[in-house]
Every structure is written in C-alpha cells, then in structure tokens.
Amino acid sequence: MPQVDLSSNDVRIPGLTFRDYRGVVDHAVIVAVMNACNIVDRAEYNESIDDVHRVFSHLTNCDPSIDMVFAEVDGRPAGYSRVFWKNELDGPRLYISLGFVVPEWRRRGLGTLLLRWNESRLREIASEHPAGTEKVFHVWTTDAVPGAMALFEANGYTVARVLVGMTRPTSAPLPPARLPEGFDLRVARPEHYRKIWDAWEEAYQDHWGYAPRSASELEAWQQSRLFQPDLWRVAWAEDHVAGLILNYVDARRNQWIGVDRGYTQDIFVRRPWRRRGLARALLTESIRMFTRMGMSETYLGVDTESPTGANVLYESLGYRPYRKHFVYRKPMTLE
C-alpha cells in the first residue's frame, strides 16, 4: 500500500482512501476518471478500455503495481496517478508524473496529495540511478486546466516550454505548393514502416525534449487505432524517407467534440532535405486530402520555439492558435 499521509490538514475529503493498482480490472476505472475530467477540462481525448490495455501492454520504465496509486471516496473513484521516467537525448533524466482528479473532488487538496506521492515515489526510483545524472521532475497541462497550472506553480514547478495546438478550416483558401523536384510520393506499405520509424526518430532528434523511443513503443505505435498509413503523405528521395506527415482521423474524438477534424500531426523533414519547400508541399497535400474526405478543419501541434521555424510555415498556410500546452519542470533533490 502506498505511504500517503492522510493526516494532512490540506485534505478535506471524508471517506478518502488510497489503494494500489489491481491489474486490468482498473483499466475501466482509469477510463471513467479520465472521461469525467474531459467533460470539465475540454481535454478532447476520449480513451477506451482497449486504448488503456494497449498502453499498459507497452509501458517503459514503469511498474504499475508500485508506480500507481488510486484515490477513492467511500469506495468510488476520485482520482489516480502514475509515474515513470525517461532519458532526454543530450539532456536530463525526466521523472514524469501523470495525475487525474475527478472534478467533484477538486479544490480540496487531493491533487496536491497525489503530486506529493508521485514526487516521493520518483525520488525512490531516482535514488537507484547514477548520482552524476541531472534529474528533473516533469509534468504538463493545458490552458484549459488552470487548476493544474496553479498546482504545479505552487509546488515549485516552472514553465519549461510552451506548445500550441493550431487549427485551420478546410474551407480557407490554400496557397499552391508543388512537390519539389527530386522527390516522389509513395503509399506507405508494411515493408516501409520500420524505415519510416527510423527516419522519424532521426528527424525528431532536433526537437526540444526528444527522448529515444523503445522497441516496445514501436510495437505500440503500430497497434494504435490512430496508426493509419493510408492517410500518410511520405516523400522519398530515391530509397530514402526524406519527409513525412503521419495524418490520421480520430473518429471517436471527433464524435466526442462534435467536429469533423483531420490531424496533420507529426510532420518531419530530415536534415539533408530541409529548406526546399518539402514540408509545405506535404502539408498542402494533406489539407487537400482532408478536404476531399469532408473534414471541416485540420489540426496540428507546434513548439513555439521550434528550431526549424515550423510555426511560421503553419501560420502562412492559415493555421491559427487554438490551445496552449505547458510543460513544467522542477529540479529534483533527493531528500
């Protein structure tokens, strides 16, 4: 049983108890808690039990039997949290907290209690890691959840990066953009998947916060309901993947938010083929594809400090800010 201090004067919830992860039976609990949060937080994700099964089948640096805690009030789910860690390329080791509190139990200290439990567990994990490694706590939220922002800032976290979700109506005029000479578009086939993954990994090394992904994450990617190769736009330079957009449609999310949206997500161009207009051509073709499919808008996310100037490209094609995402960090001290 997790060692959570229930004597804190900050917690004002009679009947509050904590327990460990019980296995797959708790996947329905996780979905129920997350979806209760979605309604209030406008988070726009709508997870299913199958989604959670898939995630938990491919966890990396996380043992849910000891790295999770569930909160209940009189036996009913009130929230849960989970921790894990990963190594940022050429950066610190990140000790990551996830946490959700059902809206009716917010503003009573439960979020603070779960965050403190997470930090305590992460310090235990970090104590087994090399002493010379830079260690930081890492969390994130959106501007739709000001309570989470206030929680993190009250506990010593500061904003390390701002990411912006952007949308574009498909009805807006689209400037012409041709595929540059020397490239051709090919349908993604199973024999291409690993080469695409490796090219994606290489290109993303230039992005802030990049952490190398595991073979298990490759498998999880191919099993995801958002793995939709028929919608991708892949540019090849002879036998090399030069650039790609991993387009997808999340039908369940679209039903949840009431919008026909296509996701022009995960855009990359590898270093040797940048500054030639390839990203613009791929994105333009993706928008046209979603227009033909009947989508009313497209969506992507961008780092406001993108080293490739991606945000300038997206704005030039009519994308406008929709939601801000904040990454918070705090140096870890082992107490």
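**Arginine 121 and the overall fold**

Arginine 121 is buried, since its relative accessible area of 16% falls under the 20% cut-off for that class. The model in which this residue is seen is a predicted one. Arginine 121 belongs to helix α4, which covers residues 110-126. Once neighbours within four places in sequence are set aside, the contacts of arginine 121 are with Ile66, Asp67 and Val83.

A look at the whole chain helps to place this residue in its setting. The protein contains 10 helices and 13 strands. Its radius of gyration is 21 Å, close to the 20 Å given by the globule rule for 335 residues, so the protein is as compact as a globular protein of that length. Measuring tape in mind, a newcomer may picture a C-alpha trace that spans about 70 × 45 × 35 Å along its principal axes.

The contacts and the burial of residues add to this picture. Of the contacts with a separation of 6 or more, 73% are accounted for by residues 24 or more positions apart. Buried residues make up 53% of the 335 residues in the protein, and arginine 121 is one of the buried residues.

Turning to the surface, the protein exposes about 16200 Å². Carbon and sulfur atoms supply 51% of that area. As for charge, the protein carries 42 positive and 43 negative charges. The mean positions of these two sets of charges are 5 Å apart.

Terms used. Residues numbered from 1 in each chain as written. Predicted model: local features only at pLDDT ≥ 70, side-chain atom pairs only at ≥ 80, totals over all residues. Heavy atoms only, no water. Helix = DSSP H or I, 4+ residues; strand = E, 2+ residues; numbered from the N terminus. Rg over C-alpha atoms; globule rule 2.2 N^0.38 Å. Buried < 20%, exposed > 50% of the residue type's maximum accessible area, 1.4 Å probe, protein only. Contact = heavy atoms within 4.5 Å. Areas by Shrake-Rupley, 256 points an atom, 1.4 Å probe, with all protein chains shown as cover. Lys, Arg positive; Asp, Glu negative; His and termini not counted. Charge placed at Lys NZ, Arg CZ, Asp CG, Glu CD.
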